[in-house]
Amino acid sequence: GHAVINLNREDGGRRRFILVEMGAYFDTVLLPRLLKVAYTPAWKEGKPQRPATAEEVARGPRLIKVLRLESYEDALNNIEFAAAAQPALHFDDYLLQYMLAWETRDSATLLNVTQLDRPFAYTLRLHRDGATREQPVDLPETFAYLLGLTVHTRKSYADGGRRYLVHRGVLRNGRRVAVLWRDVAGWSEADYLRERDFVAAQQLAAGVDELFVNGDSLIPGAQALEGVFKARMFAPVEV
């Protein structure tokens with residue numbers, strides 16, 4: 001990654017890099033080093049020697065995206081069995097319990113679609129450094145990957161305290177897509193009507209072939225994304 005950044009600064013190239021790491025030093029060594037190099041190429045004894053020049057800034061990285069994949073252990077930590085699960089079924093083998101999807105349909109790790117009315121608050125329990133904590137999950141980013149969406153724009157909009165996050169891009173088949181995310185927990189019909197008018201006024205669905213939204217909607221042509229999201233999570237890998 002360091003070499004690619006330096007080479008782009010030398011010749012004005014637009015190369016990209018993908019790094020894969022599972023060691024703990026990703027957070028303590030690898031990522032800090034990349035962030036330092038992105039700031040300026042001149043360092044000595046852990047301190048910047050000068051700011052980057054205007055040309056170096058123009059040729060430097062605009063964005064370093066970090067993706068953290070849910071591990072098998074994380075998935076197990078987030079399994080929750082329905083309260084109405086059959087009491088006669090008891091297994092000592094937790095792996096076998098893991099396979100009983102019909103008893104674990106509300107688990108966060110299996111995408112609990114009933115919680116997508118508040119997508120920005122969706123969390124998983126992750127065990128790190130000897131402790132377990134609730135960690136937010138970027139559902140919009142995850143859905144874009146599963147959909148195979150090449151994202152052209154990612155913009156936030158505000159409507160009187162309401163936040164809308166809109167991804168716009170193109171699928172592999174050339175269809176133009178917009179994905180609209182918002183918190184709809186507790187909404188009434190009046191709220192959905194207000195949203196319909198806001199989306200029309202802001203032209204959030206203009207020029208697209210498909211519009212996905214989380215939860216219910218009165219937006220003309222919009223389709224709920226929950227079914228597609230869950231189906232893509234467990235679909236075979238496309239080669």
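Residues 24 or more positions apart account for 49% of the contacts in the protein chain with a separation of 6 or more. The model on screen is a predicted one. Select the whole chain to begin: 8 helices and 9 strands should appear in the cartoon. Of the 239 residues, 31% are buried.

**Stop 1: helix α1**

Select residues 2-11, which make up helix α1. Its buried residues are I5, N8 and R9. They lie on the same side of α1, because the arc they cover around the axis is only 100°. Now colour A3 and E10; these two are exposed and sit on the other side of the helix.

To see what the buried side faces, add residues 25-39 and 54-59. These are α2 and α3, and the buried residues of α1 pack against both. Before leaving, select G12, just after α1, where phi is positive at about 75°.

**Stop 2: the loop before α3**

Go to Q49, in the loop that runs between β2 (47-48) and α3. Is Q49 buried, partly exposed or exposed? Its relative accessible area is 49%, so Q49 counts as partly exposed; the exposed class begins over 50%.

Show the side chain of Q49 together with the backbone of K47. A polar atom of that side chain lies 3.2 Å from the backbone oxygen of K47. Leaving aside residues up to four places away in sequence, Q49 touches A42, W43 and K44.

**Stop 3: the five-stranded sheet**

Next, display the open sheet of 5 strands, whose order is β5-β6-β7-β8-β9 with mixed pairing. The edges are β5 (150-159) and β9 (222-224), each of which pairs on one side only. On average, neighbouring strands of this sheet are turned by 25° against each other, direction ignored.

Select β6, residues 162-170, and then β7. The two strands pair in the antiparallel sense over 6 bridges. Two positions are useful for orientation: V170 stands opposite R176 of β7, and V166 has L180 of β7 as its bridge partner. The hairpin formed by β6 and β7 has 5 residues between the strands, and G174 takes a positive phi near 90° there.

On to β8, residues 210-213. Here the sense is parallel, with 4 bridges between β7 and β8. V177 and E210 stand opposite each other in this pair.

How many of the 6 residues of β7 are buried? The number is 5, so β7 is largely enclosed by the rest of the structure.

**Stop 4: the nonpolar cores**

In soluble globular proteins, nonpolar side chains tend to be buried together. The largest nonpolar core here has 15 residues, and those with the most contacts inside it are F143, L147, V179, W181 and L225. Helix α6 (139-147) and strand β7 (176-181) each supply at least two residues of this core. The most comes from α6, with 4 residues.

Select W181 and expand to its contacts. Beyond residues up to four places away in sequence, W181 touches P119, F120, L139, P140, F143, R163, Y164, L165, H167, N214, L225 and F229. A second, separate core has 14 residues, including W187, V199, V213 and I219.

**Stop 5: E195**

For the last selection, take residues 189-202, helix α7, and pick out E195 within it. Is E195 buried or exposed? It counts as buried, because its relative accessibility is 0%.

Which side chain makes a polar contact with the side chain of E195? Show R182: the contact between the two side chains is 2.3 Å. Not counting residues up to four places away in sequence, E195 touches R162, Y164, L180, R182, W187, S217 and I219. Several names here come from earlier stops: L180 is the bridge partner of V166, while W187 and I219 are among the residues of the second core.

Methods:
Residues numbered from 1 in each chain as written. Predicted model: local features only at pLDDT ≥ 70, side-chain atom pairs only at ≥ 80, totals over all residues. Heavy atoms only, no water. Core = buried A, V, L, I, M, F, W, Y, C linked by side-chain atoms within 4.5 Å. Buried < 20%, exposed > 50% of the residue type's maximum accessible area, 1.4 Å probe, protein only. Contact = heavy atoms within 4.5 Å. Polar contact = N/O pair within 3.5 Å; in protein donor to acceptor, adjacent residues only side chain to side chain. Pairing = 2+ DSSP bridges. Axes fitted to C-alpha atoms, helices over the stretch in contact; angles between N-to-C directions. Arc of directions from axis to C-beta.
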